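Open the model in your viewer and keep the sequence panel visible. The tour below tells you what to select at each stop and what you will find there.

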Amino acid sequence: MMKRMSPEGRTATKLVGVVITMGALSWAAVPFYDWFCRVTGFGGTTQVSAAAPDLVLEDVVRVRFDANTDPNLPWTFRPMQNRMDVRIGENGLAFYEAINNSDVPITGTASYNVAPEISGFYFSKVECFCFTEQTLQPGERIEMPVSFFVDPEIVKDRDASWVRDITLSYTFHRTEPRRAALDTDTAETIN
C-alpha cells in the first residue's frame with residue numbers, strides 16, 4: 001500500500017516541477033528566438049540564400065551601409081560605399097574595410113540587422129564576412145565583401161511593399177578565436 005503524500009510534500013513536488021520547467025524553457029529560449037528571427041526576419045534579421053533569384057524587377061531599392069565597432073575592439077571598421085541602388089531581385093556586392101589598430105592579433109565577429117525591421121524577411125545574403133569570425137594581425141587591413149539581394153516577393157507584401165530604403169548595419173565585437181579554443185581543448189585531451 002502506498003503512503004499518501006502530505007500537503008507540504010505535494011507543494012514541494014509542484015515547486016520542483018515549476019523550477020525544472022522554467023529551467024528547460026529558459027535553456028530553449030535562445031535557440032528558439034534565434035530560429036524565430038531567422039524565419040520571420042523579426043528585429044531586422046536577414047535571410048541567407050544560396051543564390052539570387054532569376055526574377056529581377058525594375059523597382060529600385062536604395063541600400064545604405066552602416067558600420068560600428070564594440071568599444072573594446074581597437075579596429076577601424078567602415079563601409080567602402082555609403083549607399084547603393086539595386087533593382088529588386090538583383091544581386092548586389094558591397095565591401096567593408098577593417099583595420100586592426102593594435103599591436104596584437106585580434107579576432108572579431110560581426111552582428112547585423114537591417115532597418116526597417118520589416119525588410120529583414122526580404123533581405124537575403126548570399127555571401128558575407130559576417131558568417132565567420134575574422135582575425136586581423138597587427139596593422140592588417142582587409143576588404144570584406146557582402147553579396148545580397150532584396151527578394152521580389154517584397155512587392156506582394158502589403159506591409160512591406162512601400163520599402164525602397166534599407167539600411168544594412170554591422171557591429172563588430174571582439175571574440176576569442178574558435179580555432180585556438182579547439183586547439184586548447186585538443187591539447188587538454190591529449191595530456
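A polar contact is a pair of N or O atoms within 3.5 Å; inside a protein, one atom must be able to donate a hydrogen and the other to accept it, and residues adjacent in sequence count only if both atoms are side-chain atoms. Keep this in mind for a later stop. Note also that the model on your screen is predicted.

**Stop 1: the whole chain**

Select the protein chain and colour by secondary structure. Two helices and ten strands make up its secondary structure. Read from the N terminus, the order of elements is α-β-β-β-β-β-β-β-β-β-β-α. The chain has 191 residues, and 32% of them are buried. Show the surface next: about 12000 Å² is exposed, with 57% of it supplied by carbon and sulfur atoms. Now consider contacts between residues at least 6 apart in sequence: 76% of these join residues at least 24 apart.

**Stop 2: the open sheet**

Hide the surface and pick out five strands, in the order S1-S7-S9-S5-S3; together they form an open sheet with mixed pairing. Which strands stand at the edges? Strand S1 (47-48) and S3 do; each has a single partner strand, so one side of each has no neighbour in the sheet.

Zoom in on S3 and S5. These two strands run antiparallel and are joined by five bridges. Select threonine 76, and you will find that isoleucine 99 in S5 is its bridge partner. Then select arginine 78, which stands opposite glutamate 97 in S5.

Side chains in a regular strand alternate between the two faces of the sheet. Look along S3 with this in mind: Trp75, Phe77 and Pro79 are on its covered face, while Thr76 and Arg78 are on the uncovered one.

**Stop 3: the largest nonpolar core**

Select Phe77, Tyr96, Phe129, Leu168 and Tyr170. In the largest nonpolar core, which has 35 residues, these five touch the most other members. Many strands contribute: strand S2 (60-69), strand S3 (75-79), strand S4 (83-87), strand S5 (92-100), S6, S7, strand S9 (141-150) and strand S10 (165-175) each provide at least two core residues. S9 gives the largest share, five residues.

Stay with leucine 168 and display its surroundings. Beyond its neighbours within four places in sequence, leucine 168 is in contact with Val63, Arg64, Phe65, Asp66, Tyr96, Asn113, Val114, Phe123, Lys125 and Val146.

**Stop 4: valine 61**

Move to valine 61, in strand S2. Is this residue buried or exposed? Valine 61 counts as buried, because its relative accessibility is 0% and the cut-off for buried is under 20%. Draw a distance from its C-alpha atom to that of valine 86: the two are 25 residues apart along the chain, yet the separation is 5.5 Å. Val86 is also one of the contacts of valine 61 once neighbours within four places are left aside; the others are Met84, Asp85, Ile88, Val150, Val163, Arg164, Asp165 and Ile166.

**Stop 5: threonine 107**

Select threonine 107 in strand S6. Threonine 107 is buried, with a relative accessible area of 4%. This is where the opening definition is needed: the side chains of threonine 107 and threonine 135 are joined by a polar contact of 2.7 Å. Not counting residues up to four places away in sequence, threonine 107 touches Trp75, Glu133, Gln134, Thr135, His173, Arg174, Thr175 and Pro177.

**Stop 6: the loop after S6**

Follow the chain into the loop between S6 and S7, where proline 116 is found. Check the peptide bond from alanine 115 to proline 116: this bond is cis, with omega near 0°. Serine 119 is in the loop between strand S6 (106-115) and strand S7 (123-128) as well. Serine 119 has 0% relative accessibility and so counts as buried. Apart from neighbours within four places in sequence, serine 119 is in contact with Val114, Val163 and Ile166.

**Stop 7: the disulfide**

Finish with the cysteines. How many disulfides does the structure hold? There is one, formed by cysteine 128 and cysteine 130, with their sulfur atoms 2.4 Å apart. The torsion about the S-S bond of cysteine 128 and cysteine 130 is about 130°, so this disulfide is right-handed. Cysteine 128 and cysteine 130 are both buried.

How values were computed
Residues are numbered from 1 along each chain as its sequence is written. This is a predicted model: local features need pLDDT of at least 70, side-chain atom pairs count only at pLDDT 80 or more; totals for chains, interfaces and linings use all residues. Side-chain values use heavy atoms; hydrogens and water are left out. Helices (H or I, at least four residues) and strands (E, at least two) are DSSP runs, numbered from the N terminus. Buried means under 20% relative accessible area, exposed over 50%, partly exposed in between (1.4 Å probe, protein chains only). Contact means heavy atoms within 4.5 Å. A nonpolar core is a set of buried Ala, Val, Leu, Ile, Met, Phe, Trp, Tyr and Cys residues joined through side-chain atoms within 4.5 Å. Accessible areas come from the Shrake-Rupley method with a 1.4 Å probe; for residues, only the protein chains shown count as cover. Two strands pair if DSSP finds at least two bridges between them. A disulfide is a pair of cysteine sulfur atoms within 2.5 Å.
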